[in-house]
Structures are given as structure tokens and as C-alpha cells.
Amino acid sequence: MKNPFVTKGYAGPAYFCDRVKETEDLVKMLTNENNMALISPRRIGKTDLIHHCFAQPEIKDAYYTFIIDIYATNSLADFVEVFGRAIFEELKPLGKKVWEGFYHTIKSVQQQISFDINGNPVWGIGIGNYINPTTTLEEIFTYLGSADKPCLVAIDEFQKITEYPDGENVEAALRTHIQRCPNATFLFCGSKRHLMTEIFLSPLRPFYQSVVTMGLDAISKDKYSEFAVRQFAMYDKILDADVVEQVYQRFDGVTAYLQRMMNVLFMNTPKGEHCTVDMIEEAIDFIINLNSEHYETLFSQMSEKQRVTFLAIAMEGRAKSISSSQFVRKYRLNSSSSVVSAVRGLLEKDFITFEHNEYYVYDYFFPIWLRKNGYIN
Ligand SMILES: Nc1ncnc2c1ncn2[C@@H]1O[C@H](COP(=O)(O)OP(=O)(O)O)[C@@H](O)[C@H]1O
Ligand SMILES: [Mg+2]
């Protein structure tokens, strides 16, 4: 590894910071057949934590593990496509005996699976081929229920199912299947707290009280600092303690931004030399310049109403009562009703986030970019 601050997802325990307690808890709960929900804002480290847990020997050696990310799905057909493909791709490298079990079970789409010249199966099912996704879902669960090992299934960005056209029915069907499938244990991850809470904690919903809920906080400053200093030292570089202090402060300890910053700071520190606080601004500028075009595009995708509301929230930092007359007046917005509708659009597109009754821009570098380009002061 050229740079020990990985920003592209899980790269093994050597590049993974802390989460010792969380890993222990999750592994223990899952291997004791508890379905779990893991909830935190995006970029704190849920997805990496799933990979890390599933890589532990207690799990890796005893289970089939499947991780599916349903962020980009919009219907049950999409869901079964992503689910089926994930199972298939996981089993394929384990040999014919293993993948055949699944192949023979998914009869409704079996003829869509082709074979390459070496006789290896290829998942070629297009989304239009799910004539009856309910049947395919049943078959997937039949497989999970009869696999020769217990199964662990992580469904990432699970809140997405609330946006399916028949979301309520999908939830109910999934819940029923899961209840009847003791051979599989489920981990539901999600970043939209209000939606996840509704799914699991509302008495009217199928998943009510069916999981143990776990939140994920930022990695503690001490733990991250220890990790970062160690990573620098491994490559014969010295990280000054106050650098992490300042970066942590500035990015609220959000793992993705810490890693992003440290990746650049590491890159900019020559071997044998110190990384000092006066290198921080340069690192931020570097990242923002790299993303400039992206921010330009996002900004141009917003409607005028959304743009002014977005700028107001960016300026406020953590915006509480966005529909109050005080907020509307302070930022010379149109009316509270136009703010409310703009906020809804911004939330849907993930430009902003809502956590603990506060709205804020989801990408921490975006407001810095706005400021540097004179959109806000
Ligand atoms: N414990 C960790 N140590 C090092 N990097 C991490 C850790 N957890 C997450 N990351 C990194 O932070 C970024 C965001 O993590 P991710 O798991 O995708 O967050 P989430 O799923 O909560 O949105 C990724 O680049 C990931 O590699
Ligand atoms: Mg994630």
C-alpha cells in the first residue's frame, strides 16, 4: 500500500482504525442469531464495519456472508437482482458444488444464467427479466434456508425500501421470509435515522421490534490519533499531535473526512519529515480543487429555491428551525413554506442531512468550497 490512509473502502485490519468494541459486540450478537440494525449518519464507517466484522474468523470460517447495497434500487425487482447477484458472486469462487445449490433453487430466473467457455456461470439477468420478483425473492430465501452453512446477510442503505412504490408490501414480505428462515441472520444498515427508526420502532410497521438497534459514533479522537501517528511512523514519517487535533475538530471526527485529509497530508509529507498544522489548509485546498467540478455540477442541479436555502443552511452550519420566521428573515428567504419544500428536495438528493433536529450540508468540503468561491461569507 503506497498510502496507509485508505479512502476507497475496507482494505483489511492493518488499515482499519479501532472499532474493537463495536466489532466484538456486532460479531457476538450476529453469531447468536440476533437480527441487528446499525444506524449512523453517512461516512461514519458502517459499511467498512460490516466488512471488518464479516472478515473476523468466527464469521468468515463458519458462515456464508452476503453484503448488498440497495442505495441505487427502486423496486422489488431491483432488490432481488442485487440480492441474487450478490449471493451468486459470493458463491461462485467457492466452486461448482457450492454455487450449484443456489443455481438449482432460483428456477424463475435460472434460464437467464449463461455459461462461459470454461463452464463458469455468468449472472446475466437484466432487470427487465424479473417477471415475478416475488417468486424470485421466495427462491432466494429457500436457498438461504437450506444452504449447507448458516448465512449472514447485510443489507446496506436499507431505508431505501421505504421509497419503493409498494414499499409497505416489500417490508411485510421480507419480514415474513426472515421470520421463517432461521438459517440466516440479518444486519440492516442505514444512514437516514428518521426512516430507519420508523421501520424498526413504529408499532404499525412489519419490522417493529424485530431487531436490536445499534448506533455508530465517530471514532474517538484519541483512538484515531493513535492510529494516524502509527500509520505515519510505519512509513518513517512523523505526524505532529496537534494536526489530528485540528483536523478532528474541523470535521467533527467524521471518519471519511479524517481519512481523506490524512491521505493527502501523508502524501505531502516527505519521508523522515514532520507533518505540521500549517500543512492543513493546503490539504483542504487540494481536495476542494479536485472536487471543484463536482460541486459546480451539484450546485447547478439545484433549483433557485433550493440553492438559496442550501446557501442559508451552509452559512448557518447547523440549522435548527429552518421554517421559523427568524431563519427566513435572517437569510432573506422567500417564505417558510418555500424553505420547507426546498429542504425536502435537498434531503431527497442527499445534499443535506437531518440529524438530531439539525440540518447541515452532508459533504463537509462543500461549504468550504462555497466560501472560497464567494457564494457565502
Ligand atoms: N475504522 C476505520 N478505519 C479507517 N477508515 C475507515 C474506518 N471506517 C470507515 N473508514 C473509511 O471512511 C470512509 C467512510 O466509511 P463507510 O464505511 O463508507 O461509511 P458509511 O457506510 O457509514 O457511510 C470510507 O472511505 C472508509 O474506508
Ligand atoms: Mg455505507
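**Close-up views of a predicted model**

**View A. Strand 5 and strand 6, side by side.** Five bridges tie strand 5 to strand 6 (residues 184-190), and the two run parallel. What you're looking at is a predicted model. To get your bearings on this pair, find C151, which sits opposite A184 in strand 6. The link between the two strands goes through helix 7 (residues 167-179), and together strand 5, helix 7 and strand 6 form a right-handed β-α-β unit.

**View B. The other neighbour of strand 5.** Strand 2 is joined to strand 5 (residues 151-156) by six bridges, again with parallel pairing. Here the handy marker is D69, found opposite D156 in strand 5. As background, the strands of a sheet pair through backbone hydrogen bonds, in either a parallel or an antiparallel way.

**View C. Strand 5 with its surroundings.** How many of the six residues of strand 5 are buried? Six of the six are, so the strand is largely enclosed by the rest of the structure. Cover is found on both faces: C151, V153 and I155 are buried on one side, and L152, A154 and D156 are buried on the other.

**View D. The whole sheet.** Zoom out a bit and strands 2 and 5 turn up in an open sheet of five strands, ordered 2-5-6-1-7 with parallel pairing. Its edges are strand 2 (64-69) and strand 7 (212-215), each of which pairs on one side only. On average, and ignoring direction, neighbouring strands in this sheet are turned by 15 degrees against each other.

**View E. The largest nonpolar core.** This core counts 77 residues, and the ones touching the most other members are Y224, M262, F310 and F366. Which helix gives the most to this core? That's helix 12 (residues 280-301), with eight residues. In soluble globular proteins, nonpolar side chains tend to be buried together.

**View F. Around F366.** Leaving aside residues up to four places away in sequence, F366 touches Y295, L298, F299, M302, F310 and V361. Of these contacts, F310 is itself among the residues that touch the most other members of the largest core. Apart from that core lies another one, made of 48 residues, including V80, W123, F186 and M196.

Definitions and conventions:
Residues are numbered from 1 along each chain as its sequence is written. Chains are lettered from A and ligands numbered from 1 in the order in which they are written. This is a predicted model: local features need pLDDT of at least 70, side-chain atom pairs count only at pLDDT 80 or more; totals for chains, interfaces and linings use all residues. Side-chain values use heavy atoms; hydrogens and water are left out. A nonpolar core is a set of buried Ala, Val, Leu, Ile, Met, Phe, Trp, Tyr and Cys residues joined through side-chain atoms within 4.5 Å. Buried means under 20% relative accessible area, exposed over 50%, partly exposed in between (1.4 Å probe, protein chains only). Helices (H or I, at least four residues) and strands (E, at least two) are DSSP runs, numbered from the N terminus. Contact means heavy atoms within 4.5 Å. Two strands pair if DSSP finds at least two bridges between them. Axes are lines fitted to C-alpha atoms, for helices over the stretch in contact, and angles run from 0 to 180 degrees between N-to-C directions. A crossover is right-handed if, with the strands pointing away from the viewer, the path from the first strand over the helix to the second runs clockwise.
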